Amino acid sequence: MKTIIYKISLFFSALVLVACGGVPEEKSETAAEENAFSVEEVLEMVAKENDVTRTLYTKAIVGKGKAQGMKFDEDWRKDDVEAGPLPALFLRGVATSIIKSPVPLGLYLGSDFPVNAANKFEGKQADLFQEIKKTQEPQFFYDEDQKLHTAMFADLASAGACVSCHNKHPQTTKSDWKLGDVMGATTWQYPKDSLTYKETVAVLNAYAKGTVDIYMEYLDEIEAFKESEKPEIGNKWPAEGNYLPTAEVFLDSVKKLSSYETMKHLVAVK
Ligand code: HEC
């Protein structure tokens, strides 16, 4: 128990250290340099953050937004389409933002029966995905070709909208998805087998920044709407009417929902 508390307190001093721009305090500086977590542990933490973000976006923004008449479309970036990103494209936006960051973290959403052929798992990932479909357990392996530690997590049909949209999609390769099915998996990759506190915080921050970036792109898209009614952007959510939260309010909710889970994971470490 002592080590756990020690680890957590170090984690938070590293957080403060990073947040304050790394003003050195001798002891935490050293601690922040030591490898603290295995790559599996870190990828599990960021995957958990992603679960919360993805569910919040799918249910509270897309699901409730649609009920208010807001539109979400795979071609949302096109000038003549006045809509927001679908959940999978929100995730792609996060992945694109992470690629642009200095953090060497990879994120990909795939399936064995994808809507978009580019999302079809191949090779080792295709084999492990069959395992995930059976057990819903995460899978870890070292990708020798890419020299990357790889973790895969089940992506479940958690809302009716996942099932109905995929089943009816003109490009679908499977039209009998059911609620609760493993529809795909998120694949995460990182080059090192263990991370320091600083690197761990950098991974979590790169993910959080990714969600803010794509969410801001969505808000910019709304700003440019010519035909459609623009929702009011502030601290209210679509559940209350024609409103959307600001990026800050959105991220705040993610943090509130996920910090407990991330904390639980930190406590579960050894
Ligand atoms: C309104 C339609 C719609 C909804 C709702 C939706 N999706 Fe998708 N989904 C798509 C489209 C379109 C793509 C392909 C996007 C692209 O071009 O990569 C996609 C991609 C995916 C992929 C990657 C593999 C593939 O099919 O290309 C997975 C996995 C996935 N969605 C799961 C889900 C889950 C789980 C939910 C609910 C939480 C969900 N989707 C909600 C339309 C939808």
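Helix 3 (39-67), helix 4 (87-100), strand 4 (106-110), strand 6 (148-156), helix 6 (160-168), strand 7 (182-190) and helix 8 (247-268) each contribute at least two residues to the lining of the largest pocket. The model is a predicted one. Within this lining, helix 3 gives the most, with 11 residues. The pocket has a volume of about 1300 Å³. Its lining comprises 49 residues. Those nearest the centre are Arg-54, Pro-87, Ala-88, Leu-109 and Asp-155. Sorted by class, the lining of the largest pocket holds 26 nonpolar, 14 polar and nine charged residues.

The ligand sits in this largest pocket. Two or more residues of the shell around the ligand come from each of helix 3, helix 4, strand 4, strand 6, helix 6 and strand 7. Here helix 6 gives the most, with four residues. In the lining of the largest pocket, by contrast, that place belongs to helix 3. The shell around the ligand has 11 nonpolar, nine polar and five charged residues. In total, 25 residues surround the ligand. Arg-92, Val-115, Cys-162, Cys-165 and His-166 come nearest.

The ligand contains an iron atom, and His-166 is its only protein donor. The donor atom is NE2, at 2.0 Å. His-166 is located in helix 6, the element that gives the most to the shell around the ligand.

Polar contacts involve oxygen atoms of the ligand. A polar side-chain atom of Arg-92 lies 2.3 Å from one such oxygen atom. Val-115 takes part through its backbone: a polar backbone atom of this residue is 2.7 Å from an oxygen atom of the ligand. Asn-119 uses its side chain, where an N or O atom is 2.7 Å from an oxygen atom of the ligand.

Enclosed space was examined as well. A search of the whole structure finds one cavity of 30 Å³ or more. The largest cavity has a volume of about 40 Å³. Its lining consists of Asn-50, Thr-53, Arg-54, Pro-87, Phe-90, Leu-91, Val-94, Tyr-207 and Thr-211. Helix 3, helix 4 and helix 7 (197-223) are the elements that give two or more residues to this lining. Helix 4 gives the most, with four residues. By class, the lining of the largest cavity has five nonpolar, three polar and one charged residues. Arg-54 and Pro-87 line the largest cavity, and both are also among the residues nearest the centre of the largest pocket.

Technical notes:
Residues are numbered from 1 along each chain as its sequence is written. This is a predicted model: local features need pLDDT of at least 70, side-chain atom pairs count only at pLDDT 80 or more; totals for chains, interfaces and linings use all residues. Side-chain values use heavy atoms; hydrogens and water are left out. On a 1 Å grid over the protein atoms alone, a cavity is a set of points where a 1.4 Å probe fits but cannot get out, and a pocket is an open set with protein on both sides within 12 Å along at least five of seven lines; lining residues have an atom within 4 Å of a point. Grid points are joined across faces, edges and corners, and a volume is the space filled by probe spheres set on the points. Ala, Val, Leu, Ile, Met, Phe, Trp, Tyr, Cys and Pro count as nonpolar, Asp, Glu, Lys and Arg as charged, and the others, Gly among them, as polar. Donors are N, O and S atoms within 2.8 Å of the metal (3.2 Å for Na, K and Ca); water is not among the atoms, so sites may look incomplete. A residue is near a molecule or strand if one of its heavy atoms lies within 4 Å of it. A polar contact is a pair of N or O atoms within 3.5 Å; within protein, one must be able to donate a hydrogen and the other to accept it, and residues adjacent in sequence count only if both atoms are side-chain atoms. A molecule sits in a cavity or pocket if more than half of its atoms lie within 2 Å of its grid points.
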